[in-house]
Amino acid sequence: MDAPTSARVDSWIWAVRLAKTRSAATAACRAGHVQVNGERAKAAQPVHLGDEVRLRTTDLERTVLVARLVSKRVGASVAVECLVDLTPPPPPREEVAVTVRRDRGAGRPTKRERRDLEKLRGRSAED
């Protein structure tokens, strides 16, 4: 039996567990969140061995190389062998920007609170 030479990009993303469902992978392709070799990919676009696939999700952008072609969902241990993850590690928690959250219903910030927020964000009052 010959090995396949290509697979649909949405099917491959789902099969290697980058997306929870195949329909979510298809929706990501339709929304333009998937690139194959630097170009926007439609759901039915074929991927080949060695292709670079970029998938943008809500919190990060995953960059992977296709190491093995699969079109059916595989186990997690097999899925790891099907791709080479090139995604850079996330920045340390200390470098992540501090976000200030106000309690819901607390109303607008006072002048003092607004100045404190501006100081925390590193902006001056004139900006």
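Biologist: How many disulfides does the count come to?

Modeller: The model is predicted, so local features need pLDDT of at least 70 and side-chain atom pairs count only at pLDDT 80 or more, while totals for chains, interfaces and linings use all residues. Residues are numbered from 1 along each chain as its sequence is written, and side-chain values use heavy atoms, with hydrogens and water left out. A disulfide is a pair of cysteine sulfur atoms within 2.5 Å. By this rule the number of disulfides is zero.

Biologist: Is C82 buried or exposed?

Modeller: Buried means under 20% relative accessible area, exposed over 50%, and partly exposed in between, with a 1.4 Å probe and protein chains only. The relative accessible area of C82 is 0%. On that scale C82 is buried.

Biologist: What pattern does the chain follow along the sequence?

Modeller: Helices (H or I, at least four residues) and strands (E, at least two) are DSSP runs, numbered from the N terminus. The chain has four helices and seven strands. Read along the sequence, the pattern is β-α-α-β-β-β-β-β-α-β-α.

Biologist: Which strands stand at the edges of the open sheet?

Modeller: Two strands pair if DSSP finds at least two bridges between them. The five strands of the open sheet come in the order 3-2-5-6-7, with antiparallel pairing. Each edge strand has a single partner strand, so one side of each is left without a neighbour in the sheet; these are strand 3 (39–40) and strand 7 (83–85).

Biologist: Which residue of strand 7 is the bridge partner of L65?

Modeller: Strand 5 and strand 6 form a hairpin with four residues between them and pair antiparallel over five bridges, and on that side E52 stands opposite L65. Strand 6 is also joined to strand 7 by three antiparallel bridges, and V66 stands opposite L83 there. The partner of L65 in strand 7 is V84.

Biologist: Which element gives the largest share of the largest nonpolar core?

Modeller: A nonpolar core is a set of buried Ala, Val, Leu, Ile, Met, Phe, Trp, Tyr and Cys residues joined through side-chain atoms within 4.5 Å. The largest one has 26 residues, and W12, I13, V34, V47 and V53 have the most contacts inside it. Two or more residues come from each of helix 1 (9–15), helix 2 (22–30), strand 2 (34–36), strand 5 (52–56) and strand 6 (61–66). The largest share, four residues, comes from helix 1.

Biologist: What do the buried residues of helix 2 pack against?

Modeller: The buried residues of helix 2 are A25, T26, A28 and C29. They cover an arc (of the directions from the helix axis to the C-beta atoms) of only 160°, which puts them on the same side of helix 2. The face turned away from that side carries the exposed residues S23 and R30. With contact meaning heavy atoms within 4.5 Å, the buried residues pack against helix 1, strand 2 and strand 5.

Biologist: Which residue with a positive phi follows helix 2?

Modeller: The place to look is just after the helix. The phi there is near 85°. The residue is G32.

Biologist: What percentage of the 127 residues in the chain do buried residues make up?

Modeller: C29, with a relative accessible area of 3%, is one of the buried residues. Over the 127 residues of the chain, the buried part is 27%.
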